[in-house]
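Opened the notebook to go through this one piece by piece. Starting with the rings, then on to the helix beneath them and outwards from there.

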Amino acid sequence: MKKRNENLMSIHSKPTLIIGVDIAKKTHWARMLDGRTGLEVGHALHFHNSIDGFTRLLGKIGRVKEQTGAEKVVVAMEPSGHYWKPLAAYLTRMGLP
C-alpha cells in the first residue's frame, strides 16, 4: 500500500501523461489521460504488436505530451500472457517506465 501511495503522489506532483494500454496478441489499444485532470486526451489509439506499432505509439505519446505540457509519462498495462513483453522492452529502451 505504501508503494502505491508513493506512485500516486509521484503522478500528482508533476504534470503527468498517463497511458493505459490494453494488450492483445496482434493489436493493442492505448488511451491517454491528463494526470492533472483525469480527462482523456484525444481518442483511443490502436497499434500493432510490432516495432512499427510501438514507434507509432511513441510518436503519439510525444505529441500528446507536448500538447498537455506533461513533464512525465507513466505507461500502465496488464500483462496478458507474454504479449506485453515486446512493448515493455521497447518502452524501457526508450526510457519510459
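**Aromatic pair**

I searched the whole structure for aromatic pairs and got 1. For the record, rings of Phe, Tyr and Trp (its six-membered ring) pair if their centres lie within 6.5 Å; planes under 30 degrees apart count as stacked, over 60 as edge-to-face and the rest as tilted. The partners are F54 and Y90, with ring centres 5.6 Å apart and planes at 40°, so I logged the pair as tilted. It ties together distant parts of the chain, as F54 sits in helix α2 and Y90 in helix α3, 36 residues apart. Helices (H or I, at least four residues) and strands (E, at least two) are DSSP runs, numbered from the N terminus.

I noted that this is a predicted model, where local features need pLDDT of at least 70 and side-chain atom pairs count only at pLDDT 80 or more, while totals for chains, interfaces and linings use all residues. Residues are numbered from 1 along each chain as its sequence is written, and side-chain values use heavy atoms, with hydrogens and water left out.

Next I looked up burial (buried is under 20% relative accessible area, exposed over 50%, partly exposed in between; 1.4 Å probe, protein chains only). F54 counts as buried because its relative accessibility is 4%, and Y90 does too, at 6%.

**Helix α2**

How far should the 18 residues of α2 span at 1.5 Å a residue? The expected value is 26 Å, and the end C-alpha atoms are 26 Å apart, so that agrees. (The expected span is 1.5 Å times one less than the number of residues.)

The buried residues I listed in α2 are G53, F54, L57, I61, V64 and T68. They cover an arc of only 95° around the axis, so they lie on the same side of α2; the arc is that of the directions from the helix axis to the C-beta atoms. On the face turned away from that side I found the exposed residues D52, R63 and E66. The cover over the buried residues includes β1, β2, β3, β4 and α3.

I checked T68 separately: it is buried, because its relative accessibility is 14%. Skipping neighbours within four places in sequence, T68 is in contact (heavy atoms within 4.5 Å) with D34, R36 and V41. After α2 comes G69, with a positive phi near 75°.

**A70**

A70 is in the loop between α2 (51-68) and β4 (72-77). Buried or exposed? At 10% relative accessibility, A70 counts as buried. Not counting residues up to four places away in sequence, A70 touches P15, T16, L17 and K65.

**Core and strands**

The largest nonpolar core (buried Ala, Val, Leu, Ile, Met, Phe, Trp, Tyr and Cys residues joined through side-chain atoms within 4.5 Å) has 20 residues, and L17, I19, V21, F47, L57, I61 and L87 touch the most other members. The largest share, 4 residues, comes from α2. I followed L57 further: beyond four places in sequence, L57 contacts A30, M32, L45, F47 and L87.

Last, the strands, which pair if DSSP finds at least two bridges between them. β1 and β4 run parallel, joined by 6 bridges, and T16 stands opposite K72 in β4. β1 and β2 are antiparallel over 6 bridges, with I19 opposite M32 in β2. These two strands, β1 and β2, form a hairpin with 4 residues between them.
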